[in-house]
Amino acid sequence: MQNMITRFWNTAPKTVPLLIPQAVVGSASIAMMSDWLFAKGVEILLCCGSCGVLADIPAGDVIVPVRALRDEGASCKYLPPERYIDLHKKPVQIFRQVLEEHDIPYRKCTT
């Protein structure tokens, strides 16, 4: 990871340590970065990014994934193989609550 061009922002010494990594592209890169971060002591990893779409959705719309198609290969190393995986409900609920509190429209999706 030391040779990868990845930026990290670290909020320590704040009361809640928070490390914000710049997103990488591709399941292999994400898996490698995740493994490296967890080995360094990261306890929770939250990934946010951008995407292309196969439907008529305007650029800039907020999309909250609630389910993911598992066809990339890396996730089967961590969980039993399945076609889809439902995301953990609590983080999705928190995202939706924050968006709704700020009157930000969003749509749910399978990614």
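This report walks through confidence, a small sheet with its helix, and charges over a ring in a predicted model.

## Confidence and conventions

Numbering starts from 1 along each chain as its sequence is written, and side-chain values use heavy atoms, with hydrogens and water left out. Because this is a predicted model, local features need pLDDT of at least 70 and side-chain atom pairs count only at pLDDT 80 or more, while totals for chains, interfaces and linings use all residues.

The protein chain has a mean pLDDT (the predictor's confidence in each residue, from 0 to 100) of 78, with 77% of its residues at 70 or more. Over residues 1–5 pLDDT stays under 50, and the model has six contacts (heavy atoms within 4.5 Å) for them beyond four places in sequence. Where pLDDT is low, the predicted coordinates should not be read in detail.

## The sheet and its helix

Three strands (DSSP runs of E, at least two residues, numbered from the N terminus) form an open sheet in the order β4-β3-β5, with mixed pairing (at least two DSSP bridges between two strands). β4 (84–86) and β5 (106–110) are the edges, each with a single partner strand, so one side of each has no neighbour in the sheet. Neighbouring strands are turned by 35° against each other on average, direction ignored.

Strand β3 (residues 62–69) runs parallel to β5, joined by five bridges; Ile63 stands opposite Arg107 in β5. Helix α2 (residues 89–101; a DSSP run of H or I, at least four residues) lies across β3 and β5, at about 165° to β3. Such angles run from 0 to 180 degrees between N-to-C directions of axes fitted to C-alpha atoms, for helices over the stretch in contact.

## Charges over Tyr84

The charged end of Arg67 sits over the ring of Tyr84 (NZ of Lys or CZ of Arg within 6 Å of the ring centre and within 35 degrees of the ring normal), 3.9 Å from its centre. Arg83 also lies over the face of Tyr84, at 6.0 Å from the ring centre.
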